[in-house]
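Hello,

Here is the structure I promised to pass on to you. Please have a look at it first, and then read my notes below.

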Amino acid sequence: MGKPVLERRELGSTGLKLSCVGFGCAPLGNVFGDVSPDEALASVRRALDLGINFFDTSPYYGATLSEKVLGDCFHKLGVSRNNIVVSTKCGRYADGFDFSAERVTRSIDESLARLRLDFVDILQCHDIEFGSLDQIVNETIPALQKLKAAGKIRFIGITGLPLDIFTYVLDRVPPGSVDVILSYCHYGINDSTLMDLIPYLKSVGVGAISASPLAMGLLTDSGPPDWHPASNELMYACRVASLHCKAKGKNISKLSLQYSLRNKDISTVLVGMNSVAQSNSAVTVNAKLASSLTIAEQSCWCFREFTSGITSILKKVKTIFPWCLNVV
Ligand code: NAD
C-alpha cells in the first residue's frame, strides 16, 4: 500500500491548513496511562511521517508534562517550524483555573519555553465554562490580542464542553478577535450536536476543531480511564457496542473516527494518540476514506448496525447522559 494521503482542511478564516486528523497531546502528559519518552517520540515521528501537521496541547495536561514532552520530541526530531501547526492553551492549570490577563500573559512565556518555540499558531482559553465568560470577553481575549500583536501567538481560540458558551463569547467580542473554537465529545457516533453550531460559526468566519471522537476513551475496546465522567450505564452501553462491533469484525474506535472524519465542515479531528499503532490507525482510517467510496458506504452500514445494536440500552440512559441523545 502506498503512503496514505492525509487531507488538509482550511481552519475558518485563519489561512491555516490543518491535517484532518490532529494529534491530541493529552496522552503525552500520561493522562490516559503512562507513555514512555521513547513511545512518545515514536508516535510523534510516525504522526509526522503520516502527514499529521497539527498538534494540540495544554499546560494542564499532565501538569505541564505534555508541553514539555512535545517540545522535546520536536527538538529531537529536528522538525521544521513551517511544517507544523501548534496549539496550546491558557487559563487551566494543575492547581486550578485563572483566566486573568496577568496569568495568561505569563502562561504563554512558560508554554513557549517548554515547547522550545518562539510562537504558537493558536492559543486557546482552556475550558472557559469553568471561569467567568464575561471575564473571557472583557479581560482574557483582550490580553490575548496583545500577545498576538507581540508575535507570540498567531490566532486565538476558546475551548469547552457546553456548546452555548461559544455563541455567548462570539456574540460579545469584536468580530475577528476569536479565530477558532475547540469542541469535544460533540461530534462522534454517540453525539453530533456540534453540527447545530456550524452554520453560525461559518457566518462569523470562525473555524471548528472537534476533539475526542472516541469520547475520551469511551469508544475503545479497552474502555475509558478511571476518571471518566460518564455514568456506569453509558459505560456499559459503550462496552456492549464495542463487543457488538467486534462480533461484526469491526473496531469501534475506527468506526467512530471514520464517522467524525467524514464531515468536511470540521477542519480537524483531534485524536488522543499515545502509540505508533494509534497514529497509524487514525490515519489509515482517513486514507481509506480518501481512496474508497465503498469503505465510506460500508461505514454507513456499520453505523446503522451499531446504532440498532445498542438502541435499546441507549434509550434507557439517554436522559442520564446527554452524549446519547443523537443516537436513538
Ligand atoms: P479521544 O476521544 O481521542 O480518546 C483518547 C483515548 O483513545 C486514549 O486512551 C487513546 O489511547 C485511545 N485511542 C486513540 N486512538 C485509538 C485507536 N485507534 N484504537 C483504540 N484506542 C485509541 O480523547 P482525547 O485524548 O481526550 O481527545 C483528543 C485530544 O483533543 C486531546 O489529547 C486534546 O489535545 C484535545 N482535547 C481538548 C479538550 C479541551 O480543550 N477542552 C478536551 C478534550 C480533548
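**What I found**

Of the 328 residues in the protein, 56% are buried. Please keep in mind that this is a predicted model. The protein has ten helices and twelve strands. Among contacts with a separation of 6 or more, 75% join residues that are 24 or more positions apart.

A word on confidence before the details. The mean pLDDT is 85, and 82% of the residues reach 70 or more. In residues 287-310, however, the pLDDT is below 50, and this stretch has 33 contacts in the model beyond near neighbours in sequence. Residues 312-328 also stay under 50 in pLDDT, and the model gives them 40 contacts beyond four places in sequence.

**Helix α2 and its surroundings**

I spent most of my time on helix α2, which covers residues 65-77. Its 13 residues reach 18 Å from the first C-alpha to the last, close to the 18 Å expected at 1.5 Å a residue. After the helix comes Gly-78, which has a positive phi near 60°.

Which residues of α2 are buried? They are Ser-66, Glu-67, Val-69, Leu-70, Gly-71, Asp-72, Cys-73 and Phe-74. The elements that the buried residues of α2 pack against are α1 (37-49), β4 (54-56), β5 (85-90) and α3 (101-115).

The pair α1 and α2 is a good one to look at on screen. In general, two packed helices are described by the angle between their axes and the distance between those axes. For α1 and α2 the angle is about 65° and the axes are 10 Å apart. Their crossing is right-handed. On the α1 side, the contact is made by Ala-40, Leu-41, Val-44, Arg-45 and Leu-48. On the α2 side, Val-69, Leu-70, Cys-73, Phe-74, Lys-76 and Leu-77 take part.

Two residues of α2 deserve a look of their own, Glu-67 and His-75. Is Glu-67 buried or exposed? Glu-67 counts as buried because its relative accessibility is 0%, under the 20% cut-off. The side chain of Glu-67 makes a polar contact of 2.8 Å with the side chain of Ser-111. Leaving out residues up to four places away in sequence, Glu-67 touches Thr-57, Ser-58, Pro-59, Thr-88, Ser-111, Arg-114 and Leu-115.

His-75 is exposed, because its relative accessible area of 52% is over 50%. The side chain of His-75 makes a polar contact with the side chain of Arg-116, at 3.2 Å. His-75 and Leu-117 are 42 residues apart along the chain, while their C-alpha atoms are separated by 9.5 Å.

**Two positive phi values outside glycine**

Arg-116, the partner of His-75 in that polar contact, sits in the loop between α3 and β8 (120-125). Its phi is positive, near 60°, and the residue is not a glycine. Arg-116 is partly exposed, with a relative accessible area of 45%.

Ala-63 also has a positive phi, of about 50°, although it is not a glycine. You will find Ala-63 in the loop between β4 and α2. For Ala-63 the relative accessible area is 45%, so this residue is partly exposed.

**Two more places to visit**

Asp-98 lies in the loop between β7 (96-97) and α3. Its relative accessibility is 29%, so Asp-98 counts as partly exposed. The side chain of Asp-98 makes a polar contact of 2.8 Å with the side chain of Ser-100. Not counting residues up to four places away in sequence, Asp-98 touches Gly-91, Tyr-93, Arg-103 and Val-104. Asp-98 and His-126 are 28 residues apart in sequence, and their C-alpha atoms are 9.9 Å apart in space.

Then there is Ser-210, in strand β11 (residues 207-211). Why does Ser-210 count as buried? Ser-210 is buried because its relative accessibility is 2%, which is under 20%. Apart from residues up to four places away in sequence, Ser-210 touches Ser-183, Tyr-187, Leu-194, Ile-266, Thr-268, Val-269 and Leu-270.

Happy exploring, and best wishes!

Note on methods:
Residues are numbered from 1 along each chain as its sequence is written. This is a predicted model: local features need pLDDT of at least 70, side-chain atom pairs count only at pLDDT 80 or more; totals for chains, interfaces and linings use all residues. Side-chain values use heavy atoms; hydrogens and water are left out. Helices (H or I, at least four residues) and strands (E, at least two) are DSSP runs, numbered from the N terminus. The expected span of a helix is 1.5 Å times one less than its number of residues. Buried means under 20% relative accessible area, exposed over 50%, partly exposed in between (1.4 Å probe, protein chains only). Contact means heavy atoms within 4.5 Å. A polar contact is a pair of N or O atoms within 3.5 Å; within protein, one must be able to donate a hydrogen and the other to accept it, and residues adjacent in sequence count only if both atoms are side-chain atoms. pLDDT is the predictor's confidence in each residue, from 0 to 100. Axes are lines fitted to C-alpha atoms, for helices over the stretch in contact, and angles run from 0 to 180 degrees between N-to-C directions. A crossing is left-handed if the near helix is turned anticlockwise from the far one by less than a right angle, and right-handed if clockwise.
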